[in-house]
Amino acid sequence: MKVQNNKAWWLVLPVFLLVAFSAIVPMMTVVNYSVQDIFDHSTRYFVGVDWYKQVLLDTRLHDSLLRQFIYSACVLLIEIPLGIGIALCMPTKGRWSSLVLIVLAIPLLIPWNVVGTIWQIFGRADIGLMGWSLNELGIAYNYASNTRDAWVTVLIMDVWHWTSLVALLCYSGLRAIPDVYYQAARIDRASAWAVFRHIQLPKLKSVLLIAVMLRFMDSFMIYTEPFVLTGGGPGNATTFLSQTLTQMAIGQFDLGPAAAFSLVYFLIILLVSWLFYTAMTHADKTR
Amino acid sequence: MAEIRLHNLAHSYSRAPNGAADYAIREMNHVWAQGGAYALLGPSGCGKSTLLNIISGLLSPSHGEVQFDGKVVNQLHPEQRNIAQVFQFPVVYDTMTVFDNLAFPLRNQGMAEAKILAKVHEIAEVLELHPLLHKKARNLTADEKQKVSMGRGLVRDDVSAILFDEPLTVIDPHLKWKLRRKLKQIHEQFNITMVYVTHDQLEASTFADKIAVMYGGQIVQFGTPRELFERPSHTFVGYFIGSPGMNLIEVTACDGGVRFADTVLPLSPALNRRIAELPGKSLKVGIRPEFVHVWDGPNEDALCGEVVHLEDLGTYKILTLKLDGQLLKVRLQEDQPVPQQQVYLSFPAQWLMLYADDYLLESAEVLP
């Protein structure tokens with residue numbers, strides 16, 4: 001007879017409790033809000049999927065969702081190639097390599113709201129070095145009133161803040177390629193482009209997967225930096241999804257729609273990340 | 001296709017070398033003739049791979065010249081030397097198919113697609129890669145990958161030489177033998193200079209017409225497998241080639257020959273004269289276990305030793321014996337009687353080699 005020993009389940013309990021309190025309970029609270037209309041302690045109505053319908057039809061959300069996708073796409077399109085490029089140019093040994101690593105790590109260590117403040121001041125036309133210089137050079141630049149300037153500034157700020165992450169990840173990936181691959185390529189008379197295309201890029205795939213996922217998720221949830229820099233303006237030009245959500249939940253105290261929206265937001269991130277992951281690992285399985 | 005000449009070549013990995021110990025390659029002169037199949041044989045760390053990388057241009061030597069057909073190529077990069085090299089561990093371009101891998105070096109030199117197709121199929125035929133041609137290289141097994149690596153070297157038939165750096169390390173034993181045969185066939189077919197680095201004497205002698213034995217950063221002997229076996233010109237060759245290696249006994253000069261303990265080995269007058277000219281050198285005699293003559297019984301010419309140990313290896317036996325305090329190994333044929341306790345032996349003069357400071361003394365050699 002097989003001996004049943006269910007005592008082992010007790011050992012799983014701590015992890016179960018941890019996950020429950022950190023993820024499952026808060027998430028179920030949100031689910032709970034998203035299907036009810038709550039007025040006070042005792043007055044609440046079950047509304048089914050009404051909030052979801054409302055959220056999905058809300059044009060303000062459509063606009064910020066579109067803005068969000070464009071923003072994340074720009075971030076990935078700039079930061080990934082730039083990060084790879086920087087990693088390829090980085091010195092591999094000697095004192096210079098340590099120095100470059102330290103310099104690259106600095107932006108990553110600065111808190112988000114400080115980054116926003118730095119760029120807010122840096123871009124001001126009256127006292128900011130960049131804003132003042134541009135205007136002195138005859139280029140009209142004002143991130144507070146011009147939509148294009150606001151977008152460019154928010155993007156440059158993100159590139160400044162996060163390209164280092166991509167570069168450092170790629171640098172570590174490049175260092176892991178054995179020398180013999182480069183030697184074989186020289187013997188085969190491969191061009192520098194062929195070495196990049198057929199050796200470096202394929203070997204960087206796994207670190208690039210991590211870089212793309214991290215940069216997508218982070219940029220898709222961006223809040224603090226544009227909030228500090230432009231406050232979402234001019235108009236709603238740089239109001240991204242999480243800022244819209246915050247306005248809805250805290251500004252207007254519409255907890256029902258905000259909860260429904262949060263879940264939709266979460267599912268979008270999950271879906272896109274899954275798509276990236278599948279697309280980038282898929283090639284391994286095809287013969 | 002080219003003759004490769006190494007002229008006063010030396011290499012050190014340290015920037016400011018201090019004495020011989022800092023050199024991976026000690027000053028050498030050597031010629032690999034056009035169209036030869038050569039092996040570069042030696043233990044790990046003797047400088048074989050360094051030498052190969054210098055020939056291909058992956059490393060630039062600290063001293064001396066590398067010449068292809070008399071032209072100095074030191075300044076040329078590997079890309080410009082038109083040389084193929086196969087490495088110890090397989091290198092394939094993961095994202096390409098086997099076909100594209102084999103075509104890669106040809107495309108890089110701008111060959112027409114139709115010609116590439118023909119060349120790739122020819123090499124795929126020889127290496128039996130046909131069924132895999134359209135498979136992605138990353139999905140291959142280690143030996144398939146190594147075949148692809150070799151194929152990329154062999155597909156260019158206009159190369160100056162093909163260098164192999166222990167290419168069969170990762171290959172299954174039965175396939176090893178087959179691939180070595182293949183290489184030999186390809187060599188006969190295309191008449192390209194091939195240099196094959198290995199630490200395995202069997203691999204070296206089945207592949208190569210001539211073997212260069214490397215030891216301590218130098219080529220200590222260059223000759224046919226038979227010459228290496230019969231007349232090792234350095235004690236290391238004697239010890240490294242053959243199984244078991246040569247018996248080496250330290251001796252001192254004495255009247256009419258050399259001696260160890262109470263045993264005197266008479267030498268020819270010519271050799272005796274040579275020894276007299278070389279005072280202070282350390283002397284050794286060497287004889288291969290195959291060449292020690294074992295008598296059936298006592299004999300006036302025979303030396304008498306004690307049996308220590310007998311190993312039966314199936315087709316032959318290895319007898320270990322003690323002669324005047326020296327342990328010697330003797331190879332006995334299966335049908336030869338096995339001596340008990342006492343063994344009577346002699347060293348035929350033609351197989352007895354005399355070494356001074358580890359180099360063979362040739363009685364006819366002119367002094368430097």
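**Exercise 1. Contacts and burial in the two chains**

Task: Find what share of the contacts in chain A with a separation of 6 or more comes from residues 24 or more positions apart.

Solution: Residues 24 or more positions apart account for 69% of these contacts in chain A. Two residues are in contact if their C-beta atoms, placed from the backbone, lie within 7 Å. In chain B, among contacts between residues at least 6 apart in sequence, 66% join residues at least 24 apart.

This is a predicted model: local features need pLDDT of at least 70, side-chain atom pairs count only at pLDDT 80 or more, and totals for chains, interfaces and linings use all residues. Residues are numbered from 1 along each chain as its sequence is written, while chains are lettered from A and ligands numbered from 1 in the order in which they are written.

Next, take burial. A residue is buried if 20 or more other C-beta atoms lie within 10 Å of its own, exposed if 12 or fewer, and partly exposed in between; C-beta atoms are placed from the backbone. Of the 287 residues in chain A, 26% are buried. Of the 368 residues in chain B, 40% are buried.

**Exercise 2. The build of chain A**

Task: Decide whether chain A is spread out or compact, judged by its radius of gyration.

Solution: Start with the elements. Chain A has 13 helices and two strands. Helices (H or I, at least four residues) and strands (E, at least two) are DSSP runs, numbered from the N terminus.

Now compare with the rule. The radius of gyration, taken over C-alpha atoms, is set against the globule rule of 2.2 Å times the number of residues to the power 0.38. For 287 residues the rule gives 19 Å; chain A has 24 Å, well over that, so chain A is more spread out than a compact globule.

Add the spans. The C-alpha trace of chain A covers about 80 × 75 × 35 Å along its principal axes. One pair gives a feel for distance: the C-alpha atoms of A:Leu11 and A:Tyr223 are separated by 39 Å, and the two residues are 212 residues apart along the chain. A:Leu11 sits in helix α1 (residues 8-34) of chain A. A:Leu11 is exposed, because 8 other C-beta atoms lie within 10 Å.

**Exercise 3. Where chain B touches chain A**

Task: Name the element that supplies the largest share of the side of chain B that touches chain A.

Solution: Count the residues. The contact involves 22 residues of chain B and 14 residues of chain A. At least two residues each come from α2 (78-81), β6 (84-86) and α3 (98-108) of chain B. The largest share, three residues, comes from α3(B).

Sort by class. Ala, Val, Leu, Ile, Met, Phe, Trp, Tyr, Cys and Pro count as nonpolar, Asp, Glu, Lys and Arg as charged, and the others, Gly among them, as polar. The side of chain B that touches chain A has 11 nonpolar, six polar and five charged residues.

**Exercise 4. Helix α3(B) and its partners**

Task: Work out how α3(B) is oriented to α5(B) and to α4(B).

Solution: Fix the terms. Axes are lines fitted to C-alpha atoms, for helices over the stretch in contact, and angles run from 0 to 180 degrees between N-to-C directions. Angles under 35 degrees count as roughly parallel, over 145 as roughly antiparallel, 65 to 115 as roughly perpendicular and the rest as oblique.

Take α5 (residues 142-154) of chain B. Its axis and that of α3(B) come within 7 Å and cross at roughly 30 degrees. The two helices α3(B) and α5(B) are therefore roughly parallel to each other. Their contact has five nonpolar, two polar and one charged residues.

Take α4 (residues 113-126) of chain B. Here the angle with α3(B) is about 125 degrees, and the axes are 10 Å apart. So α3(B) and α4(B) are oblique to each other. This contact divides into eight nonpolar, no polar and two charged residues.

**Exercise 5. Backbone exceptions in chain B**

Task: Locate the cis peptide bond and the positive phi of B:Glu128.

Solution: Most residues other than glycine have a negative phi, and most peptide bonds are trans. The cis bond joins B:Ser243 and B:Pro244, with omega about -5 degrees. B:Pro244 is in the loop between α9 (235-240) and β11 (247-254) of chain B.

B:Glu128 has a positive phi of about 55 degrees. B:Glu128 lies in the loop between α4 and α5 of chain B. With 13 other C-beta atoms within 10 Å, B:Glu128 is partly exposed.
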